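Visitor: I am new to this structure and would like to learn how to read some of its features. Could you take me through them slowly?

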Number of protein chains: 2
Amino acid sequence: MILFTIREAAEKCGISSYTLRYYEKIGLLPPPKRDSAGRRCYTETDLRFMWFLKSVKETGMSLEEIHEFVKDGCIMEKIHLDVPIKELTPSLNRRIEILTKHLENMEAKKKELEEVIAATKSKLDSYHSMLSEG
Amino acid sequence: MILFTIREAAEKCGISSYTLRYYEKIGLLPPPKRDSAGRRCYTETDLRFMWFLKSVKETGMSLEEIHEFVKDGCIMEKIHLDVPIKELTPSLNRRIEILTKHLENMEAKKKELEEVIAATKSKLDSYHSMLSEG
DNA sequence: CTACCTCTTAGAGGTAACTCTAAGTCAAGC
DNA sequence: GCTTGACTTAGAGTTACCTCTAAGAGGTAG
């Protein structure tokens, strides 16, 4: 299994080491394994989770909402440990609710971006014609 | 000519009165006319400008960049006052540069949104199938 | 061995963008 | 004529999110 130091993880996922420790402290990232000297060792699964966190954050989810999303740990791990689906249903439903809301926000943002992109293009056109014709 | 109080302007453009005064103070909005009692009176042109400001801000332009964009006043007004295009060319070129950069940022944001929207949909699908099949 | 780099921690400091407060003015309604 | 409420100002406070510092320990290169 490949393991990464905090610096490698930071470089790979585009979140600074400072921020990774901060996220761990406030409960957004699970505490990773440690090496013999007590240093953090991240797995590829950890990195995938960081990528997910970064994606939703950059598309507008607040840290508080992310916290609400992640608060009862890794679902996949629980499935592997044969926790019955029945017990996971509340978690799953909450996650579905949060992601559905976030999806709506992202669709709205995308729509606004498209509108402002169009308006900006037309403004640029009018500036260009002022320069060439005016 | 229709005139609006700061509260009406705030309501119409979706920026609070506090923020409108703040924007004026830091030079993002031109000082509007005042009534006999010294209160701000906004024109429809002022409102259109607020809408523009809000659009670029919400799509990720910083107040500093907006300041750089607006810093030498209303170009249309100068054109009406018969300022020769030659004198306006530096302003126009700077505005074109800023808007072109912002357009690129918006396109990148839109692309990221599309990717995260797709990833989120697929995650939602997998949650739904855990609930129904798992 | 010593210098250097990166790691650890708790907690302080910084930044962007508001958001509100305090103290006071002004005009309208009762 | 007095209250109400919106307005004015300068400037302090708030929020979200980092970002860094200080103090100290472990491992590596010269």
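The dialogue below goes from the outline of one chain to its helices and loops.

Guide: Please keep in mind from the start that this is a predicted model.

Visitor: Which elements make up the secondary structure of chain A, and how do they run from the N terminus on?

Guide: The secondary structure of chain A comes to six helices and two strands, and, read from the N terminus on, these elements follow the order α-α-β-β-α-α-α-α.

Visitor: How does the radius of gyration of chain A stand beside that of a compact globule?

Guide: The general idea is to set the value of the chain beside the value for a compact globule with that number of residues. For 134 residues such a globule would have a radius of gyration near 14 Å, whereas chain A has 21 Å. The C-alpha trace of chain A spans about 70 × 40 × 25 Å along its principal axes, and buried residues make up 36% of its 134 residues. As for contacts in chain A between residues at least 6 apart in sequence, 53% of them join residues at least 24 apart.

Visitor: How should I read the packing of two helices, and at what angle do H4 and H6 of chain B pack?

Guide: Two packed helices are described by the angle between their axes and by the distance between those axes. In chain B, helix H4 (residues 63-70) and helix H6 (residues 85-133) pack at an angle of about 150°, and their axes are 9 Å apart. Angles over 145 degrees count as roughly antiparallel, and H4(B) and H6(B) are therefore roughly antiparallel to each other.

Visitor: Which residues meet where H4(B) and H6(B) are in contact?

Guide: From H4(B), the residues B:Glu65, B:Glu68, B:Phe69 and B:Val70 meet B:Arg94, B:Arg95, B:Ile98, B:Leu99 and B:Lys101 in H6(B). The residues of this contact divide into four nonpolar, no polar and five charged.

Visitor: Which residues of H4(B) are buried, and what covers them?

Guide: The buried residues of H4(B) are B:Ile66, B:Phe69 and B:Val70. Seen down the axis of H4(B), these buried residues fall within an arc of 85°, so they line one face of the helix. What covers them includes helix H3 (44-58) and H6 of chain B, together with helix H6 (85-133) of chain A.

Visitor: Which residues are buried in H4 of chain A?

Guide: In helix H4 (residues 63-70) of chain A, the residues A:Ile66, A:Phe69 and A:Val70 are buried. Viewed down the axis of H4(A), they fall within an arc of 85°, so they line one face of the helix. These buried residues of H4(A) pack against helix H3 (44-58) and H6 of chain A, and also against H6 of chain B.

Visitor: What should I look for in the loops, and which residue of chain A has a positive phi although it is not a glycine?

Guide: The general idea is to look at the backbone angle together with the place of the residue and its accessibility. A:Asp82 has a positive phi of about 60° although it is not a glycine, and it is found in the loop between helix H5 (75-80) and H6 of chain A. At 67% relative accessibility, A:Asp82 counts as exposed.

Visitor: Where in chain B is B:Asp82, and is B:Leu81 buried or exposed?

Guide: B:Asp82 lies in the loop between helix H5 (75-80) and H6 of chain B, with a positive phi of about 65° although it is not a glycine, and at 67% relative accessibility it counts as exposed. B:Leu81 is placed in the loop between H5 and H6 of chain B, and with a relative accessible area of 64% B:Leu81 is exposed. The C-alpha atoms of B:Leu81 and B:His67, which are 14 residues apart along the chain, are separated by 23 Å.

Note on methods. Residues numbered from 1 in each chain as written. Chains lettered and ligands numbered in written order. Predicted model: local features only at pLDDT ≥ 70, side-chain atom pairs only at ≥ 80, totals over all residues. Heavy atoms only, no water. Axes fitted to C-alpha atoms, helices over the stretch in contact; angles between N-to-C directions. Helix = DSSP H or I, 4+ residues; strand = E, 2+ residues; numbered from the N terminus. Parallel < 35°, antiparallel > 145°, perpendicular 65-115°, else oblique. Contact = heavy atoms within 4.5 Å. Nonpolar A, V, L, I, M, F, W, Y, C, P; charged D, E, K, R; others polar. Buried < 20%, exposed > 50% of the residue type's maximum accessible area, 1.4 Å probe, protein only. Arc of directions from axis to C-beta. Rg over C-alpha atoms; globule rule 2.2 N^0.38 Å.
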